[in-house]
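Reader: Before I build on this model, I would like each descriptive term to be set against its criterion. Please begin with one aromatic side chain and its surroundings.

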Amino acid sequence: MQCPCNPNKKYSDCCQKAHKNILSINTAEELMRSRYSAFVLADINYLQQSHHSSTRPSNKEKKEILKWTKSVQWIKLEILNSTTNTVEFKAYFMESGIVDIIHENSLFNKENNHWVYLKAY
Ligand SMILES: [Zn+2]
């Protein structure tokens with residue numbers, strides 16, 4: 001299976017490693033890619049694990065996120081820019097037959113010795 005974050009890579013050589021062990025991630029960009037793939041695969045527990053505890057969605061929000069990500073068709077991820085602790089990306093998806101894009105500058109941080117998503121900035 002292709003990796004959702006990059007069609008040129010196998011899932012087993014890319015984000016699956018992160019999904020099995022978040023400590024295997026070395027950079028903010030890898031963490032961001034693994035979160036995109038987790039949205040595609042509706043891996044809500046990984047989405048929670050890779051979120052900073054101070055900004056992590058509540059259990060109610062978690063259910064809504066899961067419902068939403070299962071309801072859309074993810075198309076692709078584009079990384080526009082990345083630094084040590086930031087990533088600018090575009091995530092393309094189709095919702096109700098219409099293509100939509102999430103364009104975000106994300107901030108990442110380390111918590112419990114691994115990278116986590118902090119917030120958009
Ligand atoms: Zn990947």
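Author: Leaving aside neighbours within four places in sequence, Phe-108 is in contact with Ala-28, Leu-31, Met-32, Asn-85, Thr-86, Val-87, Trp-115, Val-116, Tyr-117 and Leu-118, where contact stands for heavy atoms within 4.5 Å. The model is a predicted one, in which local features need pLDDT of at least 70 and side-chain atom pairs count only at pLDDT 80 or more, whereas totals for chains, interfaces and linings use all residues. Residues are numbered from 1 along each chain as its sequence is written, and side-chain values use heavy atoms, with hydrogens and water left out.

Reader: Which residues touch the most other members of the largest nonpolar core, and what makes a set of residues a nonpolar core?

Author: Leu-31 and Phe-108 touch the most other members among the 27 residues of that core. The name applies to buried Ala, Val, Leu, Ile, Met, Phe, Trp, Tyr and Cys residues that are joined through side-chain atoms within 4.5 Å, buried being under 20% relative accessible area, exposed over 50% and partly exposed in between, with a 1.4 Å probe and protein chains only. Two or more residues each come from helix 1 (15–20), helix 2, helix 3 (44–49), strand 3, strand 4 and strand 6, and helix 2 gives the largest share, six residues. The helices here are DSSP runs of H or I with at least four residues, the strands runs of E with at least two, numbered from the N terminus.

Reader: How do you know which strands belong to the open sheet, and in what order?

Author: Two strands pair if DSSP finds at least two bridges between them. Strand 3 and strand 4 (residues 86–95) have eight bridges in the antiparallel sense, Phe-89 being the bridge partner of Ile-79 and Tyr-92 that of Lys-76. Strand 4 and strand 5 pair over ten bridges, again antiparallel, with Val-99 in strand 5 as the partner of Met-94. Their hairpin has two residues between the strands, and Ser-96 in the turn has a positive phi of about 50 degrees; the hairpin of strand 3 and strand 4 has three residues between them. Four strands thus form the open sheet in the order 3-4-5-6, with antiparallel pairing. Strand 3 (73–82) and strand 6 (114–120) are called edge strands, each pairing on one side only. Direction ignored, neighbouring strands are turned by 35 degrees against each other on average. Helix 2 (residues 28–40) packs on this sheet, touching strand 3, strand 4, strand 5 (98–111) and strand 6, and its direction makes about 170 degrees with that of strand 3. Helix 4 (residues 59–71), touching strand 3, strand 4 and strand 5, makes about 105 degrees with strand 3. These angles, from 0 to 180 degrees between N-to-C directions, use axes fitted to C-alpha atoms, for helices over the stretch in contact.

Reader: Why is the arrangement around the zinc ion called tetrahedral?

Author: Donors are N, O and S atoms within 2.8 Å of the metal (3.2 Å for Na, K and Ca), and the SG atoms of Cys-3, Cys-5, Cys-14 and Cys-15 coordinate the zinc ion at 2.2 to 2.4 Å. Four donors are tetrahedral if all angles lie between 85 and 135 degrees; the angles here are 102 to 119 degrees, so the arrangement qualifies. The donor spacing in sequence is C-x1-C-x8-C-C, and both Cys-14 and Cys-15 are buried.

Reader: What makes Thr-55 and Glu-95 count as partly exposed?

Author: Thr-55, in the loop between helix 3 and helix 4, has a relative accessible area of 33%, and therefore counts as partly exposed. Leaving aside neighbours within four places in sequence, Thr-55 is in contact with Tyr-117 and Leu-118. Glu-95, in strand 4, has 30% relative accessibility and is therefore partly exposed. Not counting residues up to four places away in sequence, Glu-95 touches Trp-68 and Val-72.

Notes:
Four donors count as tetrahedral if all angles lie between 85 and 135 degrees; four count as square planar and six as octahedral if opposite donors are over 155 degrees apart and all others between 65 and 115; anything else is irregular.
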